[in-house]
Amino acid sequence: MKGKVVAKGITKNGNISLKVEKEGENCSFTVLKSHRERFALAGKLEVGKNISIAGIPRFRAVICTLLKPLEK
């Protein structure tokens, strides 16, 4: 999914949650702190940035498996 970061937060377990919007449709992703490279990249992201993100549904959340910032 390619979209814009609408909201960013920290979960109670210390993971990063990202809400991404694409054409009026919102999806929430969780970046696990055990995935160090993606976690560091998600920590640097700002609200309003364009990103490419993919994930798999697990435990009532979508776990991020791919995260790339886009230059637009």
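**A walk from G43 into the sheet and core**

Leaving out neighbours up to four places away in sequence, G43 is in contact (heavy atoms within 4.5 Å) with K8 and I16. What we're looking at is a predicted model, in which local features need pLDDT of at least 70 and side-chain atom pairs count only at pLDDT 80 or more, while totals for chains, interfaces and linings use all residues. Residues are numbered from 1 along each chain as its sequence is written, and side-chain values use heavy atoms, with hydrogens and water left out.

Let's stay with G43 for a moment. G43 sits in helix α1, residues 36–44; helices here are DSSP runs of H or I with at least four residues, strands are runs of E with at least two, and both are numbered from the N terminus. Is G43 buried or exposed? Neither label fits, because its relative accessibility of 42% makes G43 partly exposed: buried means under 20% relative accessible area and exposed means over 50%, with partly exposed in between, using a 1.4 Å probe and protein chains only. I53 is ten residues from G43 along the chain, and their C-alpha atoms are 14 Å apart.

Next door in sequence is A42, and its contacts reach K8, I16, L18, V31 and L67, again not counting residues up to four places away. A42 also belongs to the largest nonpolar core, a nonpolar core being a set of buried Ala, Val, Leu, Ile, Met, Phe, Trp, Tyr and Cys residues joined through side-chain atoms within 4.5 Å. That core has twelve residues: V5, I16, L18, V20, F29, V31, A42, L45, I51, I53, C64 and L67. Two or more of them come from each of β2, β3 (25–31), β4 and β5, and β2 gives the most, with three. In soluble globular proteins, nonpolar side chains tend to be buried together.

Now for the strands. Pairing means that DSSP finds at least two bridges between two strands. β1 (residues 2–10) and β2 (residues 16–22) pair antiparallel over six bridges, and I10 stands opposite I16 in β2. Five residues separate β1 and β2 in their hairpin, where G14 in the turn has a positive phi of about 95°.

β1 is also joined to β4 (residues 50–58) by three bridges, running antiparallel; G3 has I51 as its bridge partner, and K4 has N50. β4 in turn runs antiparallel to β5 (residues 61–69), with eight bridges between them. One of the β4 residues, P57, partners V62 in β5. The hairpin of β4 and β5 has two residues between the strands, and there F59 takes a positive phi near 50°.
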